[in-house]
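User: Can you walk me through this one? I'll ask as I go.

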Amino acid sequence: MPGRSPIVFVVDDDSSVRRSFARLLKSAGHEVAVFASAQEFLQHEGDYGPGCLVLDLQLPGLSGLDLQAELAAAGRTIPIVFITGHGDIPSSVKAMKAGAVDFLPKPVHAKVLLDAVRQAIAREIEARQDRQATDAVAARFSLLTPREREVVAQVVTGKLNKQIARELETSEKTVKVHRSRAMHKLGAGSVAELVRLVDTVGLGPPRR
Amino acid sequence: MPRCQTDLGRYSAPTTPAPPRSVATRRGNLFPGANRASLVALVCAGLLLAIVPARVALAGQAPNTTPPIKRIVFLFSDEVTIPGNVRTDYGLRVGFAKNPSFRTEYYHEYLDLTRFGGEAYDQRLAGVLSQKYGGRQPDLLVTISTPALLFAAKWGPIVFPGVPIVYTGPTRTAVFALGPGFNATGVVAEFGFRGTVQAALRLRPQTRRVVIVSGATRMDRGYLELARADLAGLERQVSVEYLVALPMSELLDRVARLPHDTVILYLSIFRDGTGQDFQPPDALEMVAARSAVPVFGPSETYLGHGIVGGYLFNWENAGVRAAGLALRVLHGASPRDVPPPSEDLSSWMFDARQLKRWSIRERALPPGSEVRFREPSLWREHPWAVLGIMLFILAETALLVGLAFERRQRRRAQTQQRLLSAIVESSNDAIIGIDTERRIVSWNRGAQSVFGYAPEEAIGRSAEILVPPQRQQEATSAFEATMVGHTVAPFETVRLRKDGSPVDVSVSDSPIRDSRGKIIGISSTQRDITEQKLAELETQRLNQELSHVARVTMMGELTSSLAHELNQPLTAILSNAQAAQRLLGDGEPDLEEVREILADIVADDDRAGEIIQRLRTLLRKGELEFRDLGVNEVVLDVARLVRSDAIIKSVSVTLDLASDLPRVRADRVQLQQVILNLMLNAVDALMSRPATDRKLLIRTEAGTDGTVNVAVRDSGPGIPPDKLERVFEPFFTTKSNGMGMGLAIARSILHSHGGRLWAENAPGGGGAFILALPATR
């Protein structure tokens, strides 16, 4: 999957608009998939790889904003470019707050649309890279023993070995051993690096 | 020549009107009478003969054998006009005429003994008679009534020696008083006083008193004595009172005051207590007229003069009988040998008018009673004449009644006609009579003012002069339909005035029939509707204006939706065009792709144009155009306009359109306006609902009564039941920004289409507006 260009999903109930957008996006070299409604998109999105969404705000049935909310609820972080013929401020604010890439009034010029889509794709790529990095860290974390996790969790809060030993009711020496093993497994050269790594993936429950 | 004078006097003496038969008798007397003194008489009568030559000629044919002449002197007790005398005289002559074996000469002597009686008078009278008849003794004396008999008994032997006497009408007492030696025979007057009074008592059972009325002369007193004798013993039955010889005025006062349990027996009044003379029937009339009680009497001569009736003595019959006896005496018999008849000469007779006056029923009268003066007596006497007269009167009456009826009918008809004419004349409408040849036969004032023709200009001309050339066909078929009996319902058309200008009229034609139902023309009522038309046009203009304003207002509401609708094709066009630009910028452009893009651009442009066109149509302010159109197309058009708005407002719109719907005749724009209005209202109503529950259904279907219905249902809160009608009132609105005219206008549009628009609440909640339009065939 790495290196593969994200798909641009176009959701608009107007077939003519849909087709014209598809043509334009294809002319810019994007891979495009079109859907006539939000429901249709939700049903078939899984058939495709990651991508970005060009979404009409006013859709019959499930509206653009509804779809945005639904995706967020499902933990799907797909960048969305909203297109609307009826750009009212409350809707645009709502969309942007919910993480929309852009909010474009119809008719939309090619450059504006393609820029927005490019931005969305970039965001998707970035997100994809983030996801890949996190996955690597998470893999390393999975190598830690439970005791090592506990020690790391204490370390990132800035506690000293002595404090940690008292907390975990063990010796300072033992803490030192776990700490160095964990640092090694995670590939962290310093406490600061360890903190960044923990920040990336989180440690789960014993975080506090 | 005193004798001659006497004879002349004899011929001129009889003043009693003689029955016709006696004329012949006397005629016969002229020649046969010429014995001793007849020549002298002839000479003396020469003048008479000269005057009546015809009589001589007739007499000349008289038979040669002439029967002997008998001279008879009638001695009447009183004067000539007394009814008893008249009747007796007639009876006697009738009796004598029964015998043809001799002819009779009558000499009437009215002795007037009741008024002038007295010894001296009797003597003188006897002297005159003696002198008169001394040379010509009669063959017979006939005395009438009592005084004359007494006179004859006393003076007869001197004045008329040896002349036999036959009497009629004296009282039995008088005859008895003369004694058996008196050689006379005759008929006595037997008055049935007792019978009469007893009958009166029976007829008036309430009677307690009998009042006997009599006069002051000897004759009166004689009758009174007779009555007294006859009524002896009556006092034991009832009280008896006498009003005798009273002054007439007093008598009348007395009878007028008699109590009701009384009857009067009137005997006679020849003279009253003041000495005034009367004829008894006349006095009776006065008494009866004033009497408070019924009056009875003894003599037939009283009948008809006021008595109810009684057992009445008949003087005429007595005369006839006496004449019978006299004839036998004239034949030579001695009076002594001729016995008076034993028959009763009285009979029960009554006066119908009096019976009626005193409420006495005829059935109560004695058997054999004769009732005279019956009201319908004419019928009895002259049945055919009466029948004829009655028929005539009937016919006359029928005719009169008929005429009166007809006159009344005619007058009523005339009144009605006048009234009708007045109504017709005063009408502002033209009311025109047209005959079967389609000529104008009547022309009212209204016609003159509508068309400008004066009556004399219009009447007689063809009704076609009022019809413009392009309407002739229509007018002709209306005329023909009316002539076969149809009444043409009012229709609006155009007619021509005299000056050739058109006039809008409403025409109604109906046939005019004669009394037998035959159509003899038509009555055409034509109302000038120019002003009505103008008013209608003005109303229509205002309505169109208003509905236009309403449409424009609705368009305002739809602006964002319409903008979106337009944006779609514009968006597609722009993107397509730019995609094409990019394609063409490549080294090897995909021309097929470019061609497709251009086709899409054209299609989108068309689409935008359609939207603009639709908008323009809705915003247009034009004439109405009624066409046959499909309701579904109109609904789709409107749904397209509302689509964006509905989407923006999260309203889901469902169209449920029936196929095979009949078409309707309507103005497309107005129909769109109505449906648009209903849909926008529904969308508004749905805004109070959560976004997931905003449903709008538009359904078209064929109605049950030949209509095509469009129902616009929403899932909103519905309409309060009390507002279901009010929502159609002008200025009724629930919206803060609404004018409140939309539904009022929508309904008036439906009305002008002959359709209906109403609101209802759906059973499952939500409101619905339904419009129904008549389907075209």
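User: Starting with a single pair: what stands opposite B:Asn709?

Analyst: This is a predicted model. In it, B:Asn709 stands opposite B:Ala772, a residue of S24(B).

User: And how do S22 and S24 of chain B pair?

Analyst: In the antiparallel sense, over seven bridges. S22 covers residues 707–714 of chain B and S24 covers residues 767–774.

User: Which helix packs on that sheet, touching S21, S22 and S24 of chain B?

Analyst: H25 of chain B, residues 668–686. Its direction makes about 20° with that of S22(B).

User: What is the strand order in the sheet?

Analyst: S19-S21-S22-S24-S23, all in chain B. The sheet is open, has five strands and its pairing is mixed.

User: Why is one side of S19 and of S23 left without a neighbour?

Analyst: Strands S19 (652–657) and S23 (756–761) of chain B stand at the edges and have a single partner strand each, so one side of each has no neighbour in the sheet.

User: How much twist, on average, from one strand to the next?

Analyst: The average is 15°.

User: What does H24 of chain B lie across?

Analyst: Helix H24 (631–648) lies across S19, S21 (695–702) and S22 of chain B. Its angle to S19(B) is about 175°.

User: Switching to the interface. How many residues of chain B are in contact with chain A?

Analyst: 23 residues of chain B, which are in contact with 19 residues of chain A.

User: Which elements of chain B give two or more residues to that side?

Analyst: Helices H22 (530–585), H23 (591–619) and H24 of chain B. H22(B) has the largest share, with 16 residues.

User: What's the mix of residues there, nonpolar, polar and charged?

Analyst: On the side of chain B that touches chain A, 10 are nonpolar, 10 polar and three charged.

User: Now the cores. Which residues touch the most other members in the largest one?

Analyst: The largest nonpolar core has 90 residues, and those touching the most other members include B:Leu75, B:Val142 and B:Tyr266. Helix H15 of chain B, residues 315–330, gives the largest share of this core, 10 residues.

User: Where does this core lie relative to domain 1 and domain 2?

Analyst: Between them, because domain 1 (2–188) and domain 2 (193–315 + 332–377) of chain B both give residues to the core.

User: What is B:Leu75 in contact with, leaving aside neighbours within four places in sequence?

Analyst: Its contacts include B:Glu109, B:Leu111, B:Val142, B:Ile144 and B:Phe151.

User: And which residues are in the other core?

Analyst: That core lies apart and has 47 residues, among them B:Val683, B:Val727, B:Ala746 and B:Ile749.

How values were computed: Residues are numbered from 1 along each chain as its sequence is written. Chains are lettered from A and ligands numbered from 1 in the order in which they are written. This is a predicted model: local features need pLDDT of at least 70, side-chain atom pairs count only at pLDDT 80 or more; totals for chains, interfaces and linings use all residues. Two strands pair if DSSP finds at least two bridges between them. Helices (H or I, at least four residues) and strands (E, at least two) are DSSP runs, numbered from the N terminus. Axes are lines fitted to C-alpha atoms, for helices over the stretch in contact, and angles run from 0 to 180 degrees between N-to-C directions. Two residues are in contact if their C-beta atoms, placed from the backbone, lie within 7 Å. Ala, Val, Leu, Ile, Met, Phe, Trp, Tyr, Cys and Pro count as nonpolar, Asp, Glu, Lys and Arg as charged, and the others, Gly among them, as polar. A nonpolar core is a set of buried Ala, Val, Leu, Ile, Met, Phe, Trp, Tyr and Cys residues joined through C-beta atoms within 7 Å. A residue is buried if 20 or more other C-beta atoms lie within 10 Å of its own, exposed if 12 or fewer, and partly exposed in between; C-beta atoms are placed from the backbone. Domain bounds come from an automatic or database domain assignment.
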